[in-house]
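Open the model in a viewer and keep the selection panel at hand. The stops below are given in the order in which to select them.

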Amino acid sequence: MKHSYITEESESCPYCEGAGYFQLLLGGSETCIHCEGNGEQRSTKESVLSS
Ligand SMILES: [Zn+2]
């Protein structure tokens, strides 16, 4: 049997658009909590690890 699905897909985070952070209006930046600063969209399948 062959597995044809891609396990490590690197999509840009839809919230920060792949930047990994948000630009604040007052200045500076804040790390995107959705991708934890990676800028990549994470699979929600294995999000059970965090307690
Ligand atoms: Zn993000």
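Is glutamate 36 buried or exposed, judged by its C-beta neighbours inside 10 Å? Select glutamate 36 in this predicted model and show the residues around it. Glutamate 36 counts as exposed, because it has 12 C-beta neighbours inside 10 Å and the exposed class takes in residues with 12 or fewer. On the chain, glutamate 36 sits in the segment after β2. Check its backbone torsions as well: phi is positive, about 55 degrees, although glutamate 36 is not a glycine.

Now zoom out to the whole protein chain. A cartoon view should show two strands and zero helices. Of the 51 residues in the chain, 6% are buried. Among contacts with a separation of 6 or more, 24% are between residues 24 or more positions apart.

Next, select strand β2, residues 29–31, and pick out threonine 31, which belongs to that strand. Threonine 31 is partly exposed, because 13 other C-beta atoms lie within 10 Å and a residue must have 20 or more to be buried, or 12 or fewer to be exposed. Add its contact partners, leaving aside neighbours within four places in sequence: Gly20, Tyr21, Glu36 and Gly37. Glu36, where the tour began, is thus one of the residues in contact with threonine 31. For a distance label, choose the C-alpha atoms of threonine 31 and cysteine 16; the label should read 9.1 Å, for a pair 15 residues apart along the chain.

Move on to isoleucine 33, in the segment after β2. Isoleucine 33 has 10 other C-beta atoms within 10 Å and is therefore exposed. Draw a C-alpha to C-alpha line from isoleucine 33 to tyrosine 15: the two are 9.1 Å apart in space and 18 residues apart in sequence.

Then go to the loop between β1 and β2 and select leucine 24. Leucine 24 is exposed, since its C-beta neighbours inside 10 Å number 9. Beyond residues up to four places away in sequence, leucine 24 touches Ser29 and Glu30. Both of these fall within residues 29–31, the span of β2.

The last stop is glutamate 17, in the segment before β1, which covers 21–23. What is the sign of phi at glutamate 17, and about how many degrees is it? Phi is positive at about 60 degrees, although glutamate 17 is not a glycine. Glutamate 17 has 11 C-beta neighbours inside 10 Å and so counts as exposed. To finish, display glutamate 17 together with glutamate 36: phi is positive at glutamate 17, and phi is positive at glutamate 36.

Conventions. Residues numbered from 1 in each chain as written. Predicted model: local features only at pLDDT ≥ 70, side-chain atom pairs only at ≥ 80, totals over all residues. Helix = DSSP H or I, 4+ residues; strand = E, 2+ residues; numbered from the N terminus. Contact = placed C-beta atoms within 7 Å.
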